Amino acid sequence: MNNYYLSNVSNINMEKIYHQLAKNNNVSVEKAKNEMQLAVNAMWEKQTPQAKKLFPNGKPTLDEFLITMYKTLEKQK
């Protein structure tokens with residue numbers, strides 16, 4: 001993962017997040033990650049101006065997407 005996405009969020013444990021999301025939805029971690037990746041893929045296919053602005057280096061990995069969304073929401077507080 002690109003270090004750009006990790007700045008100021010080093011306390012985020014992605015595996016812990018994936019496990020909790022899977023548990024909350026009664027699915028395996030693999031299933032949760034696959035479903036979220038499908039959502040990221042669908043978002044990227046639309047190529048909205050906001051998506052291009054948030055991810056100027058191209059389609060994000062799942063970790064990059066979640067961390068960027070976290071950082072975006074934190075800025076809005």
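## Setting the scene

A residue counts as partly exposed when its relative accessible area falls between the buried range, under 20%, and the exposed range, over 50%. By that yardstick Glu-35, at 40% relative accessibility, is partly exposed. We will come back to Glu-35 below, once the overall fold is in view. Please keep in mind that this is a predicted model.

## The chain as a whole

The chain contains 4 helices and 0 strands, and reading along the sequence gives the pattern α-α-α-α. Of its 77 residues, 23% count as buried. The accessible surface comes to about 5,700 Å², and carbon and sulfur atoms account for 52% of that area.

How are the contacts spread along the sequence? Among contacts between residues at least 6 apart, 51% join residues that are at least 24 apart.

## Helix 1 against helix 2

Two packed helices are described by the angle between their axes and the distance between the axes. For helix 1 and helix 2, the angle is about 95° and the axes are 8 Å apart. The two helices are therefore roughly perpendicular to each other.

Which residues make this contact? Helix 1 brings Glu-15, Tyr-18, His-19, Leu-21 and Ala-22, while helix 2 brings Val-29, Ala-32, Lys-33 and Met-36. By class, the residues of this contact divide into 6 nonpolar, 1 polar and 2 charged.

## Two salt bridges

Side chains of opposite charge can pair when their charged atoms come close. The structure holds 2 salt bridges. One of them joins Glu-15 to Lys-33, with the closest N and O atoms 3.3 Å apart. Glu-15 lies in helix 1 (residues 14-24) and Lys-33 in helix 2 (residues 29-46), so this pair ties together parts that are 18 residues apart in sequence. Glu-15 is partly exposed at 39% relative accessibility, and Lys-33 is partly exposed at 26%.

Here Glu-35 returns: its side chain meets that of Lys-31 in a salt bridge, at 3.1 Å from N to O. Lys-31 and Glu-35 are 4 residues apart in helix 2, which means that about one helical turn separates them. Lys-31 has a relative accessible area of 41% and is partly exposed, and Glu-35, at 40%, is partly exposed too.

## Helix 2 against helix 4

Helix 2 also packs with helix 4 (residues 62-75): their axes come within 10 Å and cross at roughly 75°. Angles of 65 to 115 degrees count as roughly perpendicular, and helix 2 and helix 4 are therefore roughly perpendicular to each other.

On the helix 2 side, the contact is made by Lys-33, Met-36, Gln-37, Val-40 and Met-43, and these meet Leu-62, Phe-65 and Leu-66 in helix 4. This contact has 6 nonpolar, 1 polar and 1 charged residues. Lys-33 and Met-36 appear here and also in the contact of helix 2 with helix 1.

## A look at Leu-62

Is Leu-62 of helix 4 buried or exposed? At 8% relative accessibility, Leu-62 counts as buried. Leaving aside neighbours within four places in sequence, Leu-62 is in contact with Tyr-18, Lys-33, Met-36, Gln-37 and Val-40. Tyr-18 belongs to helix 1, where it takes part in the contact with helix 2.

How far apart are Leu-62 and Lys-33? In sequence they are 29 residues apart, and in space their C-alpha atoms are 7.8 Å apart. Lys-33 thus links several threads of this report: Lys-33 forms the salt bridge with Glu-15 and is in contact with Leu-62.

How values were computed:
Residues numbered from 1 in each chain as written. Predicted model: local features only at pLDDT ≥ 70, side-chain atom pairs only at ≥ 80, totals over all residues. Heavy atoms only, no water. Buried < 20%, exposed > 50% of the residue type's maximum accessible area, 1.4 Å probe, protein only. Contact = heavy atoms within 4.5 Å. Areas by Shrake-Rupley, 256 points an atom, 1.4 Å probe, with all protein chains shown as cover. Salt bridge = Lys/Arg side-chain N within 4 Å of Asp/Glu carboxyl O. Axes fitted to C-alpha atoms, helices over the stretch in contact; angles between N-to-C directions. Parallel < 35°, antiparallel > 145°, perpendicular 65-115°, else oblique. Nonpolar A, V, L, I, M, F, W, Y, C, P; charged D, E, K, R; others polar.
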